[in-house]
Amino acid sequence: MAVHPPPGAALGLTPYERPSGVHPPLDFAGYRSTALRAPRRPLVLLPHRLTEITGPLLGAERVTPADADLTAQHEDEPQGQRIIVSGRVLDSGGRPVPDTLIEVWQPNAAGRYRHSVDDHPAPLDPNFTGVGRCLTDAHGRYRFVTIRPGSYPWRNHPNAWRPAHIHFSLFGRAFTQRLVTQMYFPGDPLFFQDPIFNSVPEAARDRMICRFDLGLTVPERALGFAWDIVLRGRGATAFEQPDGQW
Ligand SMILES: [Fe+2]
């Protein structure tokens, strides 16, 4: 029987790996909207053509240092607790992954997204958009300045509230290598009732929680939280479906 190499192999692309015990299932009973978007038929393997394997081409000049400071995108500063979120992107061998585009989005300190479908009756902050991006440096490191996000209700089940979180998207060398996940804060009292957090296998849940790091704190300015993202392997960070937005 002929053995076909995985799509993209001839171009040196590593096949996508989804190890068991790390990532959430595509359909999770307690997380209602997964029932609508989880595939019901076997997945179709799409060949990697030029479009998929050559983008995104960003160019270093398109991502500016200011993009990583969510507290400095408006005339005044946003309300809330100023925080630094920083860490490294690592591969399965613990090697840093440089030049990776990281995009983040989050609600404001009151738990409200600046988004047309967010009707949570909490105040919008005219000085907070809630989106940022940066490229990892030569050591795989990223760093964002932002405010601590609030929790918000989301009607998934009676009295459902999301633990505070920041959404992360990572692009590798190509559009087909986009990974999406959420970062949580230590000690959140809402973990027990959140089906998104609990859809991740138990052993991998702690990897989604950042840790307070006094070394990242800017004295008299902002608290610091450290969070590394591991792309693959047994210690990988859990990644969700890219269309899981909430
Ligand atoms: Fe969210």
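Accessible areas here come from the Shrake-Rupley method with a 1.4 Å probe, and for residues only the protein chains shown count as cover. On that basis the protein exposes about 13,700 Å², with carbon and sulfur atoms supplying 57% of it. This is a predicted model, in which local features need pLDDT of at least 70 and side-chain atom pairs count only at pLDDT 80 or more, while totals for chains, interfaces and linings use all residues. Residues are numbered from 1 along each chain as its sequence is written, and side-chain values use heavy atoms, with hydrogens and water left out.

**Overall build**

The protein has 4 helices and 11 strands; helices (H or I, at least four residues) and strands (E, at least two) are DSSP runs, numbered from the N terminus. Of its 246 residues, 44% count as buried, where buried means under 20% relative accessible area, exposed over 50%, and partly exposed in between (1.4 Å probe, protein chains only). A contact means heavy atoms within 4.5 Å. Among contacts between residues at least 6 apart in sequence, 70% join residues at least 24 apart.

**The iron site**

Let us turn to the metal. Tyr 113 (OH), Tyr 152 (OH), His 165 (NE2) and His 167 (NE2) coordinate the iron ion at 1.9 to 2.2 Å. Donors are N, O and S atoms within 2.8 Å of the metal (3.2 Å for Na, K and Ca); water is not among the atoms, so sites may look incomplete. Along the chain, the donors follow the spacing Y-x38-Y-x12-H-x1-H. Tyr 113 sits in the loop between β2 (101-105) and β3 (131-135), and His 165 in strand β7 (residues 165-171), so this pair ties together parts that are 52 residues apart in sequence. Tyr 113 is buried, at 5% relative accessible area, and His 165 is buried too, at 1%.

Why is the arrangement around the iron ion irregular? The 4 donor atoms subtend angles of 91 to 158°, which makes it so. For reference, four donors count as tetrahedral if all angles lie between 85 and 135 degrees; four count as square planar and six as octahedral if opposite donors are over 155 degrees apart and all others between 65 and 115; anything else is irregular.

**Two buried residues**

Cys 134 lies in strand β3 and counts as buried at 9% relative accessibility. Leaving aside residues up to four places away in sequence, Cys 134 touches Val 63, Ala 68, Thr 100, Leu 101, Ile 102, Tyr 142, Arg 143 and Phe 144. Its C-alpha atom is separated by 7.2 Å from that of Pro 65, 69 residues apart along the chain.

Ser 199, in the loop between α3 (195-198) and α4 (202-205), is likewise buried, at 7%. With residues up to four places away in sequence not counted, Ser 199 touches Pro 24, Pro 25 and Phe 28.

**Positive phi in two loops**

Here are two residues other than glycine with a positive phi.

| Residue | Phi | Loop | Relative accessible area |
|---|---|---|---|
| Asp 99 | about 60° | between β1 (82-90) and β2 | 60%, exposed |
| Glu 220 | near 60° | between β9 and β10 (223-226) | 88%, exposed |

**A nonpolar patch**

Finally, have a look at Phe 212 in strand β9 (residues 211-212). Phe 212 is partly exposed, with a relative accessible area of 42%. Together with Leu 214 and Leu 223, Phe 212 makes a nonpolar surface patch of about 290 Å².

Key: Patches are made of residues with over 30% relative accessible area and no salt bridge: like charges are joined within 9 Å, nonpolar side chains (Val, Leu, Ile, Met, Phe, Trp, Tyr) within 5 Å. A salt bridge is a side-chain nitrogen of Lys or Arg within 4 Å of a carboxyl oxygen of Asp or Glu.
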